[in-house]
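Work through the following exercises with the sequence and the model side by side. Try each task before you read its solution.

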Amino acid sequence: MSTLIPDALIASLKTSQALVVLTGAGVSAESGIPTFRDAMEGLWAKYDPAQLATPEAFERDPETVTRWYDWRREKCAVAKPNPAHLALAELQRAVEKEGRSFTLITQNVDRLHQAAGSRSVIELHGTLWVWRCIRCCQEREERQVPFAQYPPKCACGGNLRPGVIWFGESLPEEALNKTYQALEECDLFFAIGTSAVVQPAASFLHVARQHNAKTVEINVASTPVSRLVDWSILGHAGETLPELVRRAYAA
Ligand code: OAD
């Protein structure tokens, strides 16, 4: 796929004082991580995501729900950051070195941004690597793959659930506060590899526009916001982002 990155976008990237980047499943696709909907395959094809990603589903059938999450954890455990993750980490270092602000907000639960070197990542939908006891609410990092039992147990005997946001649950308040503050202050906003339909992330681009930020979308396909952005780049994140960073920062 050929990508055309306009010079005006590169100029804007070089002068922006406050950048906000929102990423979605498309950024991890090139690391081999199935998107939420693609993860309903094979053994899991007969399930609806809403049957597996809700508090009610976990209450009804914790074993099936935790087995599905463990299957996804296994895929994430072997995945490596791809050139899109690495380019975003490089961009953050370059921007912050110049004293400008950079905020990375992700809907992804795989922690590949952090593995690539991104710092202070806002995890809107939580992560598969932290689990929380439904009895005592203690959280702990759970890197063992696969689990020895389903669901895994807390020291207090309660069931552990994944530290992700399920359908019907509110997003973490601290993450949302930081996000809206960054959106109100930003002058350049990127939506990368996200279908722009899942709320509230879908509204972030509108908030940024209301505060006069320039907006950019990078996606392999058109989305509901493609017509609204200043620059819509049709292409793979793993090709487009390294190119963008190279053009902005190569000597
Ligand atoms: P989606 O699976 O809805 O959308 C992925 C987007 O990435 C699509 O628009 C694809 O066209 C695009 N895409 C795929 N490969 C790409 C590539 N190599 N480069 C660029 N773009 C690519 O994922 P999200 O928008 O992240 O919610 O979905 C958000 C949330 O919906 C998920 O976090 C999950 C799900 O329901 C919860 O779990 C609460």
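**Exercise 1: a residue in a loop**

Asn-159 is found in the loop between strand 5 and strand 6, where helices (H or I, at least four residues) and strands (E, at least two) are DSSP runs numbered from the N terminus. The model is predicted, and local features need pLDDT of at least 70, side-chain atom pairs count only at pLDDT 80 or more, while totals for chains, interfaces and linings use all residues. Residues are numbered from 1 along each chain as its sequence is written, and side-chain values use heavy atoms, with hydrogens and water left out.

Task: decide whether Asn-159 is buried or exposed, and list residues in contact with Asn-159.

Solution. Begin with the cut-offs: buried means under 20% relative accessible area, exposed over 50%, and partly exposed in between, with a 1.4 Å probe and protein chains only. The relative accessible area of Asn-159 is 18%, so Asn-159 is buried. Next, take contact to mean heavy atoms within 4.5 Å. Leaving aside neighbours within four places in sequence, the contacts of Asn-159 include Phe-58, Pro-62, Arg-132 and Cys-133.

**Exercise 2: the open sheet**

Task: find the order of the three strands in the open sheet, and explain why strand 5 and strand 6 stand at its edges.

Solution. Two strands pair if DSSP finds at least two bridges between them. The three strands form an open sheet in the order 5-4-6, with antiparallel pairing. Strand 5 (139–141) and strand 6 (160–164) each have a single partner strand, so one side of each is left without a neighbour in the sheet. Direction ignored, neighbouring strands of this sheet are turned by 40 degrees against each other on average, where axes are lines fitted to C-alpha atoms, for helices over the stretch in contact, and angles run from 0 to 180 degrees between N-to-C directions.

Now look at each pairing in turn. Three bridges join strand 4 (residues 126–133) to strand 5, and Trp-131 stands opposite Arg-140 in strand 5. Five bridges join strand 4 to strand 6, and here Gly-126 stands opposite Val-164 in strand 6. Strand 6 is mostly covered, as five of its five residues are buried.

**Exercise 3: two packed helices**

Task: check the span of helix 10, and then describe how helix 6 and helix 10 pack.

Solution. The expected span of a helix is 1.5 Å times one less than its number of residues. Helix 10 (residues 237–249) has 13 residues, so it should span 18 Å, and its end C-alpha atoms are 18 Å apart, which agrees.

Two packed helices are described by the angle between their axes and the distance between the axes. Helix 6 and helix 10 pack at an angle of about 25 degrees, with their axes 7 Å apart. That makes helix 6 roughly parallel to helix 10, since angles under 35 degrees count as roughly parallel, over 145 as roughly antiparallel, 65 to 115 as roughly perpendicular and the rest as oblique. Among the residues that make the contact are Ala-84 and Leu-88 of helix 6, and Leu-241 and Val-245 of helix 10.

**Exercise 4: backbone exceptions**

Task: which peptide bond, ending at a proline in the loop between strand 5 and strand 6, is cis?

Solution. Most residues other than glycine have a negative phi, and most peptide bonds are trans. The bond from Val-145 to Pro-146 is cis, with omega near -10 degrees, and Pro-146 lies in the loop between strand 5 and strand 6.
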